[in-house]
Amino acid sequence: MLQTTRYPVTLYTSADEGAPQITQTAGALKTVLKACLVTGYGTKLGAGWEVLFEESNKIALKSADGKSTGAALHVNDTAGRTAQVSLYQKTEGFEKGKAASERRPVSYANSTVQKWLLAACARGFVFVSFQGGYSSFLYLSDFPSLAAADTGNTLFLPQGINQSGNYSSFSPSGFNISTYQTTGVILKSADGLATGVEASFATAAAGVQSNDLPYPSPVSGGFEAFPCMIVERIGDKRGIRGLLPGIASVANNMAAVPFGTVFDNIDGSGDTFVYASLGDKDKCPVLINTAAWEI
């Protein structure tokens, strides 16, 4: 059984008063992440993270929560439009220390960029940039683990192609544990001996293509959304490591639903969820919990 704590979430968006805007210039993503996670803006406070190192368009950030694993996100945003991001187990300077992942690209802006959102709690966040029919994302969070006394339960998942040529995304093949598209990185293996192990995802609807079911659904009259399990690769085998916080996978074709649509109390919890499609508009539908994440 997973033992979790509810961490309150703040939703930051480009429509907020005083919010920084995503542009095609170097440093735009770094500015948004720092404003949301650390300093805050307007009437919204930062999510409780801290800056470890910072240069002009580079930054290393980590959760300041005492229960966090101490994993740090390093963001090299010197090119504009696309930033290079990486996960570090130990940080001794910008991109110095013990890396848990290779650099991966996040394409956060193009000529049709319209809006962004970032949902964050003290131990995790997801950033989504909507670019006119296409969305890119960056996810980093601790997660509730099935491993005893887990010290490496942090998941890192940026959208982009890694050095092995694998495309990191929650879709388009659904949350199916056999698809190469859904690889993320867990800070350390369940036994704590390996750094930066491969993660994939599974739901109750893993056998269903995410854009196969109609919306509204002929079964529920709405849509079907499922929590996601994090699956760790252990040699040539896989095992369930824990639960993905904050995000539910939607099994229906939600192309007609606008980015950022809010759904209140749809599961009886009283929580609020915001709809986003990660990647192509109709390929990766998810709900992001904007009230609290269970970690």
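**Entry: Asn289**

I began at one side chain in this predicted model. The side chain of Asn289 makes a polar contact with the side chain of Asp271, at 3.1 Å. I looked up where Asn289 sits: it lies in strand S22, residues 285–289. Is Asn289 buried or exposed? I found a relative accessibility of 8%, and the cut-off for buried is under 20%, so Asn289 counts as buried.

Next I listed what Asn289 touches, leaving out residues up to four places away in sequence. The list is Val9, Ala119, Gly246, Asp271, Thr272 and Phe273.

Asp271 turned up again when I looked at charged groups. Arg6, Asp271 and Glu294 are linked in a network of salt bridges. I note that Asp271 therefore has two entries here: the polar contact with Asn289 and the network with Arg6 and Glu294.

**Entry: the whole protein**

I stepped back for an overview. The protein has 1 helix and 23 strands. Buried residues make up 53% of its 295 residues. The accessible surface comes to about 11900 Å², and 51% of that belongs to carbon and sulfur atoms.

I also checked how far contacts reach along the chain. Among contacts between residues at least 6 apart in sequence, 56% join residues at least 24 apart.

**Entry: the cores**

I looked for nonpolar cores. Nonpolar side chains in soluble globular proteins tend to be buried together. The largest core here has 35 residues. Those with the most contacts inside this core are Leu33, Leu73, Trp116, Leu118, Phe125, Phe127 and Leu138.

Which elements give two or more residues to this core? I noted helix H1 (28–39) and the strands S4 (58–63), S5 (72–76), S6 (82–93), S9 (115–121), S10 (124–130), S11 (134–142) and S15 (184–188). H1 supplies the largest share, 7 residues.

I picked Leu33 for a closer look. Leaving aside neighbours within four places in sequence, Leu33 is in contact with Val38, Leu61, Leu73, Val75, Leu118, Phe125, Phe127 and Leu138.

Another core lies apart from this one. I counted 31 residues in that second core, including Tyr7, Val9, Tyr139 and Ala276. Val9 was already in my notes, as a residue that Asn289 touches.

**Entry: salt bridges**

How many salt bridges does a search of the whole structure find? The search gave 16. I looked up three pairs.

The side chains of Lys30 and Glu54 meet at 2.8 Å, N to O. Lys30 lies in helix H1 and Glu54 in strand S3 (residues 49–55), so this pair ties together parts that are 24 residues apart in sequence. Lys30 has a relative accessible area of 7% and is buried. Glu54, at 39%, is partly exposed.

Glu232 forms a salt bridge with Arg241, the closest N and O atoms being 2.8 Å apart. Both Glu232 and Arg241 are buried.

Asp236 forms a salt bridge with Lys237, with the closest N and O atoms 3.5 Å apart. Both Asp236 and Lys237 are exposed.

**Entry: strands S15, S16 and S17**

I followed the pairing from S15 onward. S15 and S16 run antiparallel, joined by 4 bridges. One partnership I wrote down is Gly184 with Ala199 in S16. These two strands form a hairpin with 6 residues between them. In that turn, Gly192 has a positive phi of about 80 degrees.

S16 also pairs with S17, in the antiparallel sense, over 4 bridges. There I noted Ser200, whose bridge partner in S17 is Val231.

**Entry: backbone oddities**

I looked up the peptide bond from Tyr215 to Pro216. It is cis, with omega near 5 degrees. Pro216 has its place in the loop between S16 (195–202) and S17 (225–234).

Then I turned to positive phi values outside glycine. Glu95 has a phi of about 55 degrees. Glu95 is in the loop between S6 and strand S7 (96–99), and is partly exposed, with a relative accessible area of 25%.

Ala149 has a positive phi of about 50 degrees. Where does Ala149 lie? I found Ala149 in the loop between S11 and strand S12 (154–158). At 77% relative accessibility, Ala149 counts as exposed.

Terms used: Residues numbered from 1 in each chain as written. Predicted model: local features only at pLDDT ≥ 70, side-chain atom pairs only at ≥ 80, totals over all residues. Heavy atoms only, no water. Core = buried A, V, L, I, M, F, W, Y, C linked by side-chain atoms within 4.5 Å. Buried < 20%, exposed > 50% of the residue type's maximum accessible area, 1.4 Å probe, protein only. Contact = heavy atoms within 4.5 Å. Salt bridge = Lys/Arg side-chain N within 4 Å of Asp/Glu carboxyl O. Polar contact = N/O pair within 3.5 Å; in protein donor to acceptor, adjacent residues only side chain to side chain. Areas by Shrake-Rupley, 256 points an atom, 1.4 Å probe, with all protein chains shown as cover. Pairing = 2+ DSSP bridges.
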